[in-house]
Amino acid sequence: MIEPTIPLCAFDRDLGRLPTHMPIVALLRRSKFNWIPPLSGKWLNEWLSNLIDSVEKLRITNEEEVGVLNARWLMDYTPKLESCRPTQIPGYMYFDERVLPLTARDAGYPVGNDERVMLQFHGGGYVVGSAHETDSTAPLCKDFIKYNAVQRIYSVDYRLAWYAPFPAALVDALSAWAHLVEDLDIPASQIIVSGDSAGANLALALTTYLRDNGFALPAGLALHSPWTDMTFSRRSEQSFNENSKTDILEKTLAPYAVKMLTRYVGVDMIHSPYLSPLSRENCKRSETFKGFPPCFVIAGECEMLLDECRDLHLSLVKAGVRSSFHIVKRGVHDPAMFDSWQEPERSEMFLSLARKFATQVSQFTPATLHLKSGQSFTGKAFGADKSSFGETVFTTSVTSYTESMTDPSYKGQLLVFTTPLIGNYGVPLNPSGKDGRYTPEMFLESSGIQCSGVIVADVAEKFSHYEAVESLHDWCKRHNIPGITGVDTRAITTILRDQGTTLGQIAVGESHKQSPEEYFDPSPINLIAEASTKEAYTLNEQGDVHVAVMDFGSKANIIRALLKRNAKVTVLPWDYDFYSARDNYDALFLSNGPGDPRHASVAVENLAQTVKEWKKPIFGICMGHQLLGLAAGLEAYRMTFGNRGHNQPVLALSESGSIKAGRVYVTSQNHQYALKLEEQFPDGWEPFFINCNDSSVEGIKSTDKSGKQIWGVQFHPEAFGGPLDTIDMFTDFVDAAKKAQADPEIDQIIKDETHRQFTGLELIASENLTSLAVLEANGSILSNKYSEGLPGARYYGGNQHIDRLERLCQQRALEAFDLDPKVWGVNVQPYSGSTANFAAFTALIQPQDRIMGLGLPDGGHLTHGYYTAKKKITASSIYFQSFPYQVDRSTGLIDYETLETNANLFKPRLLVCGGSAYPRDWDYAKLRKVADQHGSYLMMDMAHISGLVSGKVQNSPFELCDVVTTTTHKTLRGPRAGLIFFRKDKEPELEQRVNSSVFPACQGGPHNNTIAGIAVALKQAASPEFKEYAKAVIDNSKVLAEELVNYGYKLQTSGSDNHLVLWDLRPLGIAGSKIETICDLLHITLNKNAVAGDTSAVVPGGVRIGTAALTSRSMKAPEMKKVAEFLHRSVQIALEAQKAAGNKLLKDFVRVANNDEKISQDVKALNKEVHDFSTQFPLPGVPDSSVIQPASV
């Protein structure tokens, strides 16, 4: 988005008079529109020269007086202009001396073939001209876009229009028009010209010039309170002539305005259609506006302008122009207009405006419908100016033509409407998501027109509906779909009814009457694949039940019906392997779709397995019903006629839910294929509905004895536009899913995650694998108890056992780190490390006090005051002043010397040490020295290394720090939570401050089940075995680092003292995100990470690797060498994938990694090796026998 600046007028305020001695190009430059249109000479030379000569002859000579008045006016008014800074509006760009049109073009705002843009001229009005301090242009422009009147606005600002040399302004208007049409290649038919006040006069003048010179005209005009200083001749019955000019003008304008008017225009030119198209003489002449595009006139209810606006409207109508007239309570010259002009009046007006420009139907061209059976029908084309083939079918729907045309089941077909008049209520807004996905705002059945062509007896050129924004013609044109009107649809329907559907062509153009030699047949094409979503997506995440919708070309109202019943809906591609993922869902829905069901053999095979083994509800509609039948063992056949349209009667043969056996239901249908009615249905299946007209199968279902809940219907219970006799089948389906749900999803997710951890390598440094004892304590009944407060001082009763638990946990925490309870205390209630850190900050310092911590790109943590140049990221940077210290760029080690220097300047109240990606130990003595120099607290966040400190293989921070925080789930191998250790010997009140900062300042009641898990982990951490584990973690880290260096890779700090290795990938020219992507495919889990010197957190230059989890699985040095080999081979695959992608974009890398045959083979081979290697080692907390391969894997 271009940064909107203060729009200045596009002409020179100090021009004084038109410089007749200057060339035209110089005049353009003097007008401060610093872009010369390519056709400026061709368009402007002769006309502008004559205009300049005329004005120059008639100007008055009192330059000195006028100049004084002009300067005085500017002195009073300019501050108001300069104080206005327009709001940033998407799609809104300014043409002025600060933002050139070429800049706007180069900023990346291409205009689509189906978009409308507005060329807007601001006049001198207070509100719409933006001169008022409240700057109400912004909401007005937003409304143009909000109500879809246009999608882009280009603005030329003429706030000082009263003092503008109007010819120069018109030069700028022509320049702007030429830029849009010639340079940006925007067709004139996509441009609406708008103007307010004097800008409206400019819009009319521009249109006049284009018309008179034979150029293409804009799509329409939107004129807001048209008024300029050239229109005041209309204020008197007496014609404007030399003798009466002074009296008339002086009654209307201030004296200096009279002089400015005559100075720049001259009496003899007041009736020029270029300078005053609104003058009495011009408005009386029908030729003035003859040939103009549709106009929309907005007027305020004030005596000054209302009559003139109404007369303009009537003059336009007399000239044969389609004009609409709209009166608002206040005019654009009233600064308080927007205070009173509120919804729904504004909504109604702009919807009317949107409809106004959407109802234009271009000149009809001849067209012919050719049928392969030999008949031809000649009429007129509408919509896209092209020919189209398809299967010719008809629908008997009386209403809902927009829904029929957007039904994906009509893909590849030429749709004949038996209803004689189509298009009379227009087309509504129909927003959609990425790639046409369903969104709650979608109004129709899909994102666009699905049929290949439309055949109607009479298309409505005008439409009327409060929600419509464009005509059927414009809609078809926008979607590149041809239509034909003026043909006998009754005769066409009779042919199709007698002989069945047939191939056809809508031929448009000079050779439209010539029948094609061959007719394109869409039936061999897999139309299902074309209509289906390409990627899975989910709606209503918090729904009661999770329904998978297999999208074979789903109508949007199917999804609406499910969402209305509060289902979580995941839309899946037609060939998705649902069987493997079936346990992730509560129910399966099979949608409608186009074409031959036999093209979906992959889906049928998958569905057959699902139907055989799954006992959760399945519901199929239309195509979904046919595929369900094929999966059950039935056969499908192509019907001669097919059933399309509303009011198709079906008879229920059996009972289920809301459907009663023996009852006839009226339905909506659209299908060419059907299931054969067999005398003997496959075991476990029975017919559900038959068609009352042709006895075709309209539904099947599972039998009660089968123990399954499966239904399929050929019709649409949810049909938009009705009938809705069977809509309750959706309620039956969702209710059945709710009843079948006993939370199998969570169980399956746990199984899937267990399998993932067991079969892969967990190398994320902040993760570990905890014991079964910790897992059991964390999932215990202790979760039920609420215990706000501290042991012995609770806000709730019944906490005697919880008090015992928390005191035991505190005792074990101190013992795990060999701390004297007289010197140190601990709070075990923090929910996480982040909560512990913020609570510690709150206890130690005041808001806006200064803190220093290791910067995140240098290996620090988010909660240590991280921020960017544009945003404060975490609470610690929002509520405190933060200044990060860094590592030495050459060594990767903390630069303690620079830290001390910066601390002398910044003078922190709190110095924080600890990090999340720093592979070396900490020098607490140096940090203590810096803290003491400034009377600062020293706090250590040992979240990553607390297990190593407890195991006595890392320096202890407790001797020199005032407060120590940690998480409990990393190297400490406990549940996910936090601890705060605080000294009691230096500041006795610190204990109370820490405890009250945890509760009630930063959190509520403690999670007692988690505290129990912490206590178990702390007991384990105090054991000799844990010390051996801690040493093994570091040994493994060192071996892994050495092996990677042996492979020639660069590591941050060239090695490791703790559990993690920071791998610098920048010398390889590949980002950490790509290595993470490849490793995920291999079931090697690590994370991309910034390395010192990185400038982008989005594309970090390294990855972080930890050995704590693998050590928990009993892996040692030999295994670390194997892991290093896996990592080395992973990098080689990633480099090949990057090379194959042809660029460094992550999306192309991912595409190649997932689709390139050689890369996929390499990934598959290495993945097997990783799997076989990993499954040799036990997973803590899980018996090996329980780690089976889940159905979803």
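Modeller: Before we look at single residues, a residue is called buried under 20% relative accessible area, exposed over 50%, and partly exposed in between, with a 1.4 Å probe and protein chains only. The model is predicted, so local features need pLDDT of at least 70 and side-chain atom pairs count only at pLDDT 80 or more, while totals for chains, interfaces and linings use all residues. Residues are numbered from 1 along each chain as its sequence is written, and side-chain values use heavy atoms, with hydrogens and water left out.

Colleague: Why is Ser-197 called buried?

Modeller: Ser-197 has a relative accessibility of 3%, and because buried means under 20%, Ser-197 counts as buried. Ser-197 is found in the loop between strand S4 (191–196) and helix H7 (198–212), where helices (H or I, at least four residues) and strands (E, at least two) are DSSP runs, numbered from the N terminus. The UniProt annotation "active site", from an unreviewed entry, covers Ser-197, although such annotations may be inferred rather than shown by experiment.

Colleague: Why is Asn-647 called exposed, and why is Ser-695 called partly exposed?

Modeller: Asn-647, in strand S24 (residues 636–652), has a relative accessible area of 54%, so it counts as exposed, since exposed means over 50%. Ser-695, in the loop between strand S26 (685–691) and strand S27 (697–702), has 45% and is therefore partly exposed. Asn-647 has a positive phi of about 65° although it is not a glycine, and Ser-695, also not a glycine, has a positive phi near 60°.

Colleague: What makes Ile-746, Ile-749 and Ile-750 a nonpolar surface patch?

Modeller: A patch is made of residues with over 30% relative accessible area and no salt bridge, in which nonpolar side chains (Val, Leu, Ile, Met, Phe, Trp, Tyr) are joined within 5 Å and like charges within 9 Å. A salt bridge is a side-chain nitrogen of Lys or Arg within 4 Å of a carboxyl oxygen of Asp or Glu. Ile-746, in helix H23 (residues 744–759), is partly exposed at 43%, and the patch made by these three residues covers about 280 Å².

Colleague: How do you know that the largest nonpolar core lies between two domains?

Modeller: A nonpolar core is a set of buried Ala, Val, Leu, Ile, Met, Phe, Trp, Tyr and Cys residues joined through side-chain atoms within 4.5 Å. Of the 54 residues in the largest one, Trp-922 and Phe-981 touch the most other members. Domain 4 (791–1020) and domain 5 (1026–1175) both give residues to this core, so it lies between them, with the domain bounds coming from an automatic or database assignment.

Note on methods:
Areas by Shrake-Rupley, 256 points an atom, 1.4 Å probe, with all protein chains shown as cover.
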